[in-house]
Amino acid sequence: MIWKRWTRAETAETATAEPATDAAALPTTGAPTPPRQPGAALNLDVAARPAFLDTLWREPAEMTRSQPLPRFSASASDDVETDDGDTLAARRRLALRDALGASQPVIGRESFAGRHDALSQLIQAIEQQRVHVVIYGERGIGKTSLVHVFAETAREARYLVLYGSCGTEAEFSAMFRSFAARIPRLYHRAVLPNSPEAEIGDNFDVMLSENFGPRELADVFSEVTGTRVIIILDEYDRVLDPAFRRDVAELIKNLSDRAARVQLVLTGVAQNLDELIGYAPSIRRNIVGLPMRPLSVAEVRELVGIGETAADLRYAEDTIGIITAMAGGSPYLVRLLAHHAGLTALEAGRSLVDEGDGRAAVEKVLTDWNASLPRRVQASLGREEAREHWQLLVASARAGSSADGFFGVEDVFTELGGSQPQATIERDLRRFTSAHDLLELHDLGGDLRFRFRYPGVSALLLMSAAMARITA
Ligand SMILES: Nc1ncnc2c1ncn2[C@@H]1O[C@H](COP(=O)(O)OP(=O)(O)OP(=O)(O)O)[C@@H](O)[C@H]1O
Ligand SMILES: [Mg+2]
């Protein structure tokens, strides 16, 4: 998990260089830290508690009537509209947003960093092994971006690539009918190029009965000729209906048995293959699992480099170090942090994105995450008891980074390196388990299982701990 890596710093140059313990990063006294003034230098030294806590209750700055209301800096057609003559800076901001904006997957090669190995494995599985592929990994690791770039590459090789994103309500026949409706009937073995069927311009869906199942679909798909079809089912983990997954497994089996020229690529959030497709021994030899790993340090650099070129900026080595360490290999976080840091530099009229910009970016992300939590949760996090037990909470967040988020007292004990007796850990964890507090507690016949009520809280705790360690 990304969250786990924040505290282990596997890919981070900066963090590995600094073997500070979490304890060093945590508040040692209950004395309040003076609230940071807006605009004041960041105070992230070792003794400081995570700075975002001090922003919890900060009210918006007073605005006077004479100040103009904020306006868009560019039109919807991306034409820059400023009246202050700062058109160049506005253009660079837009270019930075296009290169590093983190809200959307990459759809073209020009903004895609690294992943040569994943792309070549995917191509190899489709082209050489002729198998179906399941791409899995944690949220935001780049699955959708990879399949978009793969689709572009496959289309260049004249594959017919069909992309579909699964929803919770995905229904087998509706979804696959829409795929069939995008395969021209011209590619059916029985249809000759100049025949009336080909002239009408029909698609494969006309050959399906009303409520077809996976076998019938495989029969129809096995008649594809003259091209190869790749069907991408993105966000497969969101499908709730077990019947849909059963049908897809059945389809894969039938397509493989018939050596059809149709291959499936599934993607989803999962830690392993079984979690995504279920236990399906019948299709194991027909699929290849492709786990998405965290970005390497070199890939983080490449990604930041895309922003540098686009906006004519340069990120200092220290800034890249902070971004690398804090992102833990998540392309989403690399973009988010690099984008914020670059914007701060541009706003200050600088082309060098320095370490301070990097730290400001991390704090902005933490503050935004915190603000997105319900007010009640923010209050729970900000209270003195939470501050006192920060180390325990961070260890709990680390312990709870498995797929379902549950952890036990012994997991926290291990994360704390055995430094506290289990009885003390249990007593302290229980402080946070009352109704609406940070943790929920399930007592399964004496086996205590804890979990953070809001997953965002553990992410926040881990990132703030990593931040504190970097600055230690
Ligand atoms: N190789 C890459 N190069 C540049 N940016 C990337 C790359 N991979 C992912 N990103 C960026 O990271 C973010 C998350 O990527 P993406 O949506 O592809 O991940 P995902 O694994 O599909 O996420 P989810 O689990 O939420 O579906 C996006 O902002 C995307 O632009
Ligand atoms: Mg995705």
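Which N or O atom of S145 is 2.6 Å from an oxygen atom of ligand 1? In this predicted model, the atom in question belongs to the side chain of S145. The backbone also takes part in the surroundings of the ligand: an N or O atom from the main chain of A102 lies 3.0 Å from an oxygen atom of ligand 1. On the nitrogen side, the side chain of R335 places an N or O atom 2.8 Å from a nitrogen atom of ligand 1. With the protein around it, ligand 1 has 92% of its 630 Å² of accessible area covered.

A look at the wider shell helps to place these contacts. Ligand 1 is surrounded by 20 residues, and the closest are Q104, R139, K143, T144 and S145. By character, the shell divides into 10 nonpolar, six polar and four charged residues. Two elements, helix 6 (143–156) and helix 14 (331–347), each give two or more residues to this shell. Domain 2 (87–103 + 296–372) and domain 3 (115–291) each supply at least three of the shell residues.

Attention now turns to strand 1. This strand spans residues 132–137, and six of its six residues are buried. The cover extends to both faces, with H132, V134 and Y136 buried on one side and V133, I135 and G137 buried on the other. Strand 1 runs parallel to strand 5 (residues 287–291), to which five bridges join it, and here Y136 stands opposite P291. Strand 4 (residues 262–269) also pairs with strand 1 in the parallel sense, over five bridges; in this pairing, V133 stands opposite V265.

Key: Residues are numbered from 1 along each chain as its sequence is written. Chains are lettered from A and ligands numbered from 1 in the order in which they are written. This is a predicted model: local features need pLDDT of at least 70, side-chain atom pairs count only at pLDDT 80 or more; totals for chains, interfaces and linings use all residues. Side-chain values use heavy atoms; hydrogens and water are left out. A residue is near a molecule or strand if one of its heavy atoms lies within 4 Å of it. A polar contact is a pair of N or O atoms within 3.5 Å; within protein, one must be able to donate a hydrogen and the other to accept it, and residues adjacent in sequence count only if both atoms are side-chain atoms. Accessible areas come from the Shrake-Rupley method with a 1.4 Å probe; for residues, only the protein chains shown count as cover. Helices (H or I, at least four residues) and strands (E, at least two) are DSSP runs, numbered from the N terminus. Ala, Val, Leu, Ile, Met, Phe, Trp, Tyr, Cys and Pro count as nonpolar, Asp, Glu, Lys and Arg as charged, and the others, Gly among them, as polar. Domain bounds come from an automatic or database domain assignment. Buried means under 20% relative accessible area, exposed over 50%, partly exposed in between (1.4 Å probe, protein chains only). Two strands pair if DSSP finds at least two bridges between them.
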